[in-house]
Amino acid sequence: MSIGEDDQHTVAVHDWVNKKLLASAKTDPAKVFAAEWKNETEFATVGLKHVKFFALKGANLNGTKGLFKSVPATAICCCHYAYGDKFLTGTPTGMLISWAGNSAAKEHKGHTDA
């Protein structure tokens, strides 16, 4: 996977062995800070006030925006899939956000400062 520096921070999935582009899609106009694979066909990108979940299906790469309902939208600087399907993101202020599907579910204090 690669993430471009174009205006939409396009994400591209490559088959490096066969030197082929499998699929690409726009991520977000805001800067992308990290990406994490969930499995061989799903991954997420995170960045300035956004999270986006992607699913690779053949030559199609479909993205779904993460929803900040009960949690304020902020810069998301890191992400991790734990136990295969539990998605966590981290903020520069030390908050961890757990996700339920594509919705931010709960904030947890990770550390006291940046």
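How many salt bridges does the count come to in this structure? The count comes to one salt bridge, and since the model is a predicted one, that pair is described here as it appears in the prediction. The side chains of K31 and E5 meet in this salt bridge, with 3.2 Å from N to O. The pair links distant parts of the chain, for K31 lies in the loop between β3 (20-25) and β4 (32-37), whereas E5 lies in the loop between β1 (2-3) and β2 (11-15), and 26 residues separate the two. As for their surroundings, K31 is partly exposed, with a relative accessible area of 37%, while E5, at 62% relative accessibility, counts as exposed.

With that pair placed, the chain as a whole can be considered. The secondary structure of the protein comes to eleven strands and zero helices, and from the N terminus on, the elements accordingly run β-β-β-β-β-β-β-β-β-β-β. The radius of gyration is 14 Å, close to the 13 Å that the globule rule gives for 114 residues, so the protein is as compact as a globular protein of that length. Along its principal axes the C-alpha trace spans about 45 × 30 × 25 Å. Of the 114 residues, 38% count as buried, and among contacts with a separation of 6 or more, 36% are made by residues that stand 24 or more positions apart.

The path along the strands begins at the N terminus, where β1 and β2 pair in the antiparallel sense over two bridges, with S2 standing opposite A12 in β2. The loop between β1 and β2 also holds H9, a residue other than glycine whose phi is nonetheless positive, near 45°. At 8% relative accessibility, H9 counts as buried, whereas E5, which is found in that loop as well, counts as exposed at 62%. From β2 the chain continues into β3, and these two strands pair in the antiparallel sense over five bridges, V11 standing opposite A25 in β3. Together β2 and β3 form a hairpin with four residues between them, and K19 in the turn has a positive phi of about 55°.

The middle of the chain builds an open sheet of four strands, in the order β4-β5-β6-β7 and with antiparallel pairing. The edge strands of this sheet are β4 and β7 (60-65), each of which pairs on one side only, and the twist averages 20° from one strand to the next. Within the sheet, β4 and β5 pair in the antiparallel sense over five bridges, and E36 stands opposite A44 in β5. The loop between β5 and β6 is the place of K49, a residue other than glycine with a positive phi, near 60°; K49 is exposed, with a relative accessible area of 56%.

Another open sheet of four strands has the order β8-β9-β10-β11, again with antiparallel pairing. Here β8 and β11 (103-109) stand at the edges, each with a single partner strand, so one side of each is left without a neighbour in the sheet. The twist in this sheet averages 25° from one strand to the next. Five bridges join β8 to strand β9 (residues 86-90) in the antiparallel sense, and the bridge partner of H80 in β9 is L88.

What remains is the interior. The largest nonpolar core has 14 residues, of which V46, V51, F53, F68, F87, I97 and W99 touch the most other members. The elements that give two or more residues to this core are β5 (42-47), β6 (50-57), β8 (78-82) and β10 (95-100); β5 and β6 belong to the sheet β4-β5-β6-β7, while β8 and β10 belong to the sheet β8-β9-β10-β11. One member of the core, F68, may be followed further: leaving aside its neighbours within four places in sequence, F68 is in contact with K49, H50, V51, A73, I76, I97, W99 and A104. Among these contacts of F68 is thus K49, the exposed residue of the loop between β5 and β6. Apart from the largest core lies another core, of eight residues, among them V13, F43, F54 and L56.

Terms used. Residues numbered from 1 in each chain as written. Predicted model: local features only at pLDDT ≥ 70, side-chain atom pairs only at ≥ 80, totals over all residues. Heavy atoms only, no water. Core = buried A, V, L, I, M, F, W, Y, C linked by side-chain atoms within 4.5 Å. Buried < 20%, exposed > 50% of the residue type's maximum accessible area, 1.4 Å probe, protein only. Contact = heavy atoms within 4.5 Å. Pairing = 2+ DSSP bridges. Axes fitted to C-alpha atoms, helices over the stretch in contact; angles between N-to-C directions. Salt bridge = Lys/Arg side-chain N within 4 Å of Asp/Glu carboxyl O. Rg over C-alpha atoms; globule rule 2.2 N^0.38 Å.
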